[in-house]
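Biologist: I should like to learn how to read the features of a protein model. Could we go through them in turn, beginning with burial?

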Amino acid sequence: MKALCWYGKHDVRVETVPDPVILNPHDCIVKITRTAICGSDLHLYDGYIPTMEAGDILGHEFMGEIVEVGPEVKKRKVGDRVVVPFTISCGHCSFCKQQLWSLCDNSNPNAAVAEALYGYSGSGLFGYSHMYGGYAGGQAQYARVPFADVGPLKIESDLNDEQVLFLSDIFPTGYMAAENCNIKDGDVVAVWGCGPVGQFAIRSAKLLGAGKVIAIDRIPERLRLAQEGGAEIVNYEHAPDLIETLKELTGGRGPDACIDAVGMESHGHGIDWYSDRAKQMLGVGFDRPFALRQCIQSCRKGGVVSVPGVYGGFLDNFPFGAAFGKGLTFRMGQTHMQKYMGKLLDHIQKGDIDPSVIITHRLPLLNAPDGYSTFLKKQENCIKVVLDPWSQGATA
Amino acid sequence: MNLKYSRSSRGHCANGRLSSIAPWVAIVGGGALAAYGISRKSVSGVALAALGAFGAVAGSKRGAVTPAAIHVQKTFTIDRPSDELYNHWRNFDNLPRFMKHLKSVTNQGRYSHWAAIGPIGMTVEWDAELLDEKPGEYLVWQSLPGSVISNRGSVEFRPAPNGSGTEVTVALTYRNPGGKAGAAMAKLLGREPEQQVREDLRRFKELMEAGEIATVVGQPSGRRSAVIKAMHAMKEPEATQRVRKGPQRQTQPASLKPQLTGTEAGGAR
């Protein structure tokens, strides 16, 4: 089959590799009909996630048709049309039973590596480094999906692939980020980063009753899309003192909750941003927490900082005094996918939201390396790239 | 631990653990750091690799004096009733399913015959005796005198708080008889003994909770470098064998069959 393989920083290639096979009794094989490039794939592309190995197949947002099931798969059948969550969960451990699906105890074959770095290991993830299991990803024509009865969500309606594809990660991720804010009617939620997760966080905050959502970014088309999603927008490049600007927009109180939908490769300006960037280039202190610092600084007293953006390593100059002094609550982590996928599918079916509005680029898988480059450089107003694994043409 | 037969080894085990484990942390950690550094292909990567290699060498030098006994103890909480866990463990035939270095264990009443995969694929065998057991609570076994591998093991099952499963503690002690046999044994069991017990127990948990052991051995990938292949071979000595035995899917149209030629050729992990 064809698959997108990672070979190093800014080096991804579409190669012909062997087809996946059933390895465990609860596995299934999915023939992938649509797959996408996630903002968090750019952290891999930029070489900031440790424990990647040259040859790894990337991709964790995919859907398709089940073409083979293992001997102990009971619910899912060959022919089922499914969206696959990016996290891999066994469904039986104490974490899965508590709906903390992304903290599953039993799905990471390299749990020891994650334990060495983090103390304990989260669940396995598709196409996201060996620390998270080293599972081959879904930017490919086929993928092996463990625990077929627990993960894949069956789509029975006639919604098209593009409308449901983002149930695989970014819609639930944006939704959980908003839910983590404990929104009460009328609350003000500020969202840093108007990429795909930010867009879904904005729309989810509205669904959950936020009175006002303030969207912060620097890229005009992303801000425009945020505005269409119901947000008030702030271009931080035109706001010399963002924290003062947010104060003025919130009656002097500050946002009730702040969402960092940016993560470890934050852009910004000022001396601390350059210092973070320099440290990252030297390979010490992986993460650039510029947006997170602003979240902490801006948040009202007793507010919530919710972090769907991905972090991998250590943070420098983390304003913990401000967090402590204001009694902030932090909520974060990989998304507990199964808790949200069904509920959000209902929202799509009812027409409350059309996730496909964020798609700007549709490419054949064969052109995925161009997709990564365009997405990274945010060229051609790129917000979201969707890939067709079977298209042979120059454009899909 | 409140087991009759493990109590005697408790007094010295804390020190024993520190002296025997620390060099291994350096070797394994250093090796991993070196491999990771090499994989970064950058100046900082070279520095990491050098630092890692230094750590590995320093670790192996400090570990050169083989300790008289290695004691390892690990605990996991498994979300299943203690009786079920006990019964699965009590049937020693099941152990090789989650204890990777074991080839087979055969049970004959109180006695059992153990066969393990040793260095360069050779088989090491010994006999053991069940010393004590309490259904649903604990098992204690020990190798018979004269075994190449002198060892004692115990497993204890205690109810976890709030009815959330069972705390399972495995304790193993290996004694080094010295000489050539001792060196071979150290090579076999000294291979990250703490990691081995921890990963065995983790696999037991996966098997009992999820009904399978998580793996990616046999999945596709792009081309792997020699360094990465060597790393995988070290970690999963049986990997190549399993890949070869793996089933081939027949549902594939002929035109989509993998073409393993030229520079495009990928490989199984």
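Modeller: Certainly. Burial can be expressed as a share of a chain: buried residues make up 30% of the 269 residues in chain B. Please bear in mind that this is a predicted model.

Biologist: How many helices and strands does chain B have?

Modeller: Chain B has 8 helices and 9 strands. Its contacts may also be sorted by separation along the sequence. Among those in chain B with a separation of 6 or more, 57% are between residues 24 or more positions apart.

Biologist: Why is strand β6 of chain B described as largely enclosed?

Modeller: For a strand, one asks what part of it is buried, and the cut-off is 20 or more other C-beta atoms within 10 Å of a residue's own. In strand β6 (residues 150-159) of chain B, 7 of the 10 residues are buried, so the rest of the structure largely encloses this strand.

Biologist: Which strands pair with β6(B)?

Modeller: The general idea comes first. Strands of a sheet pair through backbone hydrogen bonds, in either the parallel or the antiparallel sense. Here, strand β5 (residues 138-143) of chain B runs antiparallel to β6(B) and is joined to it by 5 bridges; Tyr138(B) has Glu156(B) as its bridge partner. Strand β7 (residues 166-175) of chain B also pairs with β6(B) in the antiparallel sense, over 10 bridges, and Arg152(B) has Thr173(B) as its bridge partner there.

Biologist: What is found in the hairpins that link these strands?

Modeller: There, one looks at the backbone torsions. The hairpin of β5(B) and β6(B) has 6 residues between the strands, and Gly146(B) takes a positive phi near 95 degrees. In the hairpin of β6(B) and β7(B), which has 6 residues between the strands, Asn162(B) takes a positive phi near 60 degrees.

Biologist: Let us turn to chain A. Is strand β5 of chain A mostly covered or mostly open?

Modeller: Strand β5 (residues 61-69) of chain A is mostly covered, with 7 of its 9 residues buried. Strand β3 (residues 28-37) of chain A runs antiparallel to β5(A) and is joined to it by 8 bridges; in that pairing, Ile29(A) is matched with Glu68(A). Strand β6 (residues 81-84) of chain A pairs with β5(A) over 4 bridges, also in the antiparallel sense, and Val82(A) in β6(A) stands opposite Gly64(A).

Biologist: How should one read the order of strands in a sheet?

Modeller: One lists the strands by their pairing. In chain A, 3 strands form an open antiparallel sheet in the order β2-β1-β4. The edge strands, β2 (11-16) and β4 (56-57) of chain A, each pair on one side only. Strand β1 (residues 2-8) of chain A pairs with β4(A) in the antiparallel sense over 2 bridges, where Trp6(A) has Asp56(A) as its bridge partner. Helix α13 (residues 368-377) of chain A lies across β1 and β2 of chain A, at about 160 degrees to β2(A).

Biologist: Which residues of helix α3 of chain A are buried?

Modeller: In helix α3 (residues 111-118) of chain A, the buried residues are Ala111(A), Val113(A) and Ala114(A). Viewed down the axis of α3(A), they fall within an arc of 160 degrees, so they line one face of the helix. The cover over these residues includes α6 (193-210) of chain B. After α3(A) comes Gly119(A), with a positive phi near 95 degrees.

Biologist: How is chain A divided into domains?

Modeller: Chain A is divided into domain 1 (2-169 + 335-388) and domain 2 (171-332). Their C-alpha centres lie 25 Å apart, and the contact takes 24 residues from domain 1 and 20 residues from domain 2. On the domain 1 side of this contact, α1 (39-45) and α12 (337-350) of chain A each supply at least two residues; the largest share, 4 residues, comes from α12(A).

Biologist: Which residues touch the most other members of the largest nonpolar core?

Modeller: That core has 129 residues, and those touching the most other members are Leu4(A), Val30(A), Val189(A), Val191(A), Ala201(A) and Ile259(A). The core draws at least three residues from each of the two domains of chain A. A second, separate core of 26 residues includes Ile149(B), Ala171(B), Leu201(B) and Met208(B).

How values were computed: Residues numbered from 1 in each chain as written. Chains lettered and ligands numbered in written order. Predicted model: local features only at pLDDT ≥ 70, side-chain atom pairs only at ≥ 80, totals over all residues. Buried ≥ 20, exposed ≤ 12 C-beta atoms within 10 Å, placed from the backbone. Pairing = 2+ DSSP bridges. Contact = placed C-beta atoms within 7 Å. Axes fitted to C-alpha atoms, helices over the stretch in contact; angles between N-to-C directions. Arc of directions from axis to C-beta. Core = buried A, V, L, I, M, F, W, Y, C linked by C-beta atoms within 7 Å. Domains from an automatic or database assignment.
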